[in-house]
Amino acid sequence: MSEVGPPESDPDALLQVRNLEKHFDNESGLLAGVEFTDEFPYVSQSASDVRAVDGVDFDIKEGETLGLVGESGCGKSTLARTVLRLLEPTAGSVYFQGADLASLSGEPLRRKRKDMQMIFQDPQSSLDPRMKVGPIVEEPMKAHGMLDDEGREARAKELLTKVGLDPQHYNRYPHAFSGGQRQRVNLARALSVNPDLIVCDEPVSALDVSIQAQVLNTMEELQAEFDLTYLFIAHDLSVIRHISDRVAVMYLGNIVELAEKEELFENPRHPYTRALLDAIPVPDPRSGGRTALLSGDVPSPIDPPSGCRFRTRCPKVIQPEAYDMRDDAWRNLVAFQRAVDRREFEATDPDVLRSRYFEDAIPSGDAGTLLDEALGHIERDEWDDAERILVERFVDESVCATAEPAYEVESVLGDDRHYAACHLRRNEAVASAVDEAATPVGPKTPEADD
Amino acid sequence: MTDPLLSVRDLKTQFFTEDGTVRAVDGISFDVYEGEIVGLVGESGAGKSVATSSILRLVDSPGEIVGGEIEFKGETIFGLEEDAAGDLRPRDEMLSESEMRKRIRGREIAIVFQDPMESLNPVFTVGGQLREFIEINRDLSEAAAKTEAIAMLREVGIPAPESRYDEYPHQFSGGMRQRVLIAMALACQPDLIIADEPTTALDVTVEGEILEMVQELQEKYDTSFIWVTHDMSVVAEICDRVNVMYLGEIIEQAEVDDLFYDTKHPYTSALLDSMPRPDETVDELRPIKGVMPEAINPPAGCRFHSRCPEAREVCREVHPEARDLSAGGEAAHTAACVKHDAFDVGYEESPAIETEATGGFSAGFTETGGGAE
């Protein structure tokens with residue numbers, strides 16, 4: 001795992017995250033995770049952890065903005081909190097300015113916190129309604145024993161000016177501010193202890209577009225002035241594109257692609273990134289709207305799919321080695337399997353289904369026989385049997401299901417490294433670290449499937 | 001052109017608070033024709049949601065509809081007349097509260113809200129709620145309503161609808177819940193659905209799916225929509241015609257293509273300019289300066305003049321009424337900005353004024369509770 005993925009210890013890196021994991025207990029209480037069975041010893045302990053962050057590596061260089069993007073529930077916020085040690089990591093390390101935060105605790109950790117601050121999504125609930133803005137901004141300085149009373153007040157007023165508020169606002173309560181202004185107060189508070197890293201968790205998503213632009217501009221000015229490093233989390237790719245230097249795309253607890261901004265937006269190498277980019281609406285009625293949308297929901301992080309986690313929704317799942325179907329026949333088969341999984345249709349007549357799902361191409365040979373068998377099961381209303389054939393004999397055989405992808409490809413734009421966790425990249429990768437799963441598939445014949 | 005399905009004329013809704021009268025909706029007029037999706041865009045506080053609640057007469061005290069006309073399929077949802085004493089009173093043909101409740105809401109005009117968790121009851125199953133709604137509004141037996149409910153769930157793309165019928169709202173994802181609400185809205189095949197920011201809380205991928213589904217269903221059932229949103233991208237994607245609201249007024253009204261490519265009001269252009277683009281990297285964003293003033297005490301003249309980059313002296317004095325600026329034969333395109341020749345109030349000769357937009361950013365206290373500065 002040495003030569004792939006995010007670069008190994010880079011001397012410029014302010015923050016290095018290595019194989020970070022954060023799992024949550026799915027249940028709590030006395031009988032958490034205990035299951036009763038029919039056989040001796042009648043009870044068993046089952047581990048059903050929610051694997052919110054599951055092996056994440058990345059670096060942030062000094063002075064850059066790393067954008068972190070993904071759908072809700074993919075683990076972005078958990079990652080941010082774990083990086084700051086607001087949550088205890090399950091495994092892995094976070095090196096911040098050389099020290100491993102994951103192993104720090106107590107006073108040394110508290111002192112480190114001075115150098116890393118966080119801005120939250122909801123500007124309303126992250127400010128104490130009973131405190132005036134001035135004391136709110138001074139609070140972190142007090143906690144870290146910076147300056148004396150007058151010094152803090154002077155600094156608070158100066159910071160209020162810097163973030164675009166009026167120093168006169170020192171004595172006002174948060175409720176007197178609009179959402180955008182409150183987010184500016186949050187910025188001033190984060191800046192008060194002169195941090196090196198600010199983790200911003202969806203800082204502008206609760207704001208109106210016009211206000212959003214004001215706050216984004218201020219954040220960029222402050223970054224230049226105070227030499228800040230941002231980890232910027234957002235679900236809005238337009239915002240990410242505007243503010244980031246490099247972008248990491250997260251899916252179900254993993255980073256699936258990481259590259260320089262222009263490279264990632266213009267030359268995405270992971271089907272999930274492609275799908276996300278296609279899904280962004282463009283404010284232009286002549287753009288023709290969005291195309292090729294993803295179907296289905298994000299799978300549960302309690303029991304994520306094997307191999308590539310995106311494979312259950314991926315439009316480009318790779319055909320198993322054992323078959324030799326035409327590409328469109330394979331696509332139809334995958335679409336059919338997903339439809340069966342979702343019980344999308346009521347018809348059970350094989351001919352109707354054939355004409356609906358396999359009109360232009362139908363698998364032949366072995367694959368065709370198996371498909372006929374599955375259709376037969378559906379005709380007899382044995383959905384589970386049909387599903388089992390489709391899953392076990394086709395989908396689970398694919399390299400996407402048997403091996404975890406991790407490749408590094410050549411960047412087209414810029415010269416930074418480009419990490420893409422997709423098996424489609426296996427032939428063009430300059431480095432790879434594929435973890436073959438317990439059930440190895442036979443020798444691989446290289447083939448392009450793009 | 002045929003008669004509009006819904007016609008709103010000079011609608012005024014005000015809230016009577018201790019601090020004064022909030023003129024949340026201040027004289028808006030628009031039409032919705034059969035089978036079209038009409039957008040209602042604006043920032044938070046522009047009065048979008050008050051406008052839609054007024055259409056259904058759902059405004060509660062201290063709010064009150066104080067003027068205007070709302071006609072729906074030839075019936076009067078709201079209308080006032082003067083009585084002998086010169087006081088305003090509801091006209092006789094105005095629908096009564098029970099008629100609104102039994103005939104209009106849900107059956108003829110349905111509404112989908114932004115937060116699906118708050119629209120569904122957490123202690124009843126999703127299927128049960130949908131079934132009950134169908135049973136009551138369409139006079140079906142329980143069994144028939146259940147069949148219909150499952151069919152509707154399948155129609156809006158809920159996987160395995162038979163088994164999910166018995167699940168509770170918390171077991172559904174946000175996108176799925178919103179699909180359930182759309183199913184509920186469509187269940188009585190209403191003529192008009194008001195969608196109040198239904199996709200704002202959702203991920204772009206899910207939003208894309210839902211918009212696509214709405215477009216398909218709209219073609220199939222030929223339902224009209226009023227689509228309330230603050231997101232210009234959503235407008236670009238699904239609306240046929242758009243109304244842009246600012247501080248209780250509709251300041252521009254046009255077909256979607258004209259609005260984006262032949263923008264007539266400075267607020268609309270500013271709104272479009274302030275958005276980061278997904279398809280290109282923009283070096284610096286150009287935000288609208290300042291914040292929206294309060295509706296209690298709106299600026300005199302043009303309400304946008306305090307933030308407008310093109311404001312002149314005359315903008316402070318003259319309150320522009322929206323006028324149709326389209327050339328003959330084109331689709332109507334109205335805008336309320338005196339910079340256009342049609343207004344002829346001497347904009348050209350008027351000196352430019354210092355505003356937040358021209359004088360740099362100042363964090364003025366103009367929002368709720370800010371008090372006097």
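The exercises below work through parts of a predicted model, each with a solution in steps.

**Exercise 1.** Describe how chain A is built up and how it is divided into domains.

*Solution.* Begin with the secondary structure: chain A contains 14 helices and 17 strands. Next consider burial, where 47% of the 450 residues in chain A are classed as buried. Then turn to the contacts in chain A with a separation of 6 or more, of which 69% are between residues 24 or more positions apart. Finally, place the domains: domain 1 of chain A covers 13-27 + 47-244, while domain 2 covers 327-397, and the C-alpha centres of these two domains lie 49 Å apart.

**Exercise 2.** Characterise the largest nonpolar core, and follow one of its residues, W227(B), to its contacts.

*Solution.* The largest nonpolar core has 220 residues, and those with the most contacts inside it include V199(A) and L231(A) as well as I226(B) and W227(B). Helix α7 (residues 174-187) of chain B gives the largest share of this core, namely nine residues. Domain 1 and domain 2 of chain A each supply at least three residues to this core. Leaving aside residues up to four places away in sequence, W227(B) touches I37(B), V38(B), G39(B), L40(B), A195(B), I238(B) and C239(B).

**Exercise 3.** Determine how strands β4 and β5 of chain B are arranged.

*Solution.* First establish the direction: β4 (residues 63-72) and β5 (residues 75-78) of chain B run antiparallel and are joined by three bridges. Within this pairing, F72(B) stands opposite E75(B). The connection then completes the picture, since β4(B) and β5(B) form a hairpin with two residues between them, and K73(B) in the turn has a positive phi of about 50 degrees.

Key. Residues numbered from 1 in each chain as written. Chains lettered and ligands numbered in written order. Predicted model: local features only at pLDDT ≥ 70, side-chain atom pairs only at ≥ 80, totals over all residues. Pairing = 2+ DSSP bridges. Helix = DSSP H or I, 4+ residues; strand = E, 2+ residues; numbered from the N terminus. Buried ≥ 20, exposed ≤ 12 C-beta atoms within 10 Å, placed from the backbone. Contact = placed C-beta atoms within 7 Å. Domains from an automatic or database assignment. Core = buried A, V, L, I, M, F, W, Y, C linked by C-beta atoms within 7 Å.
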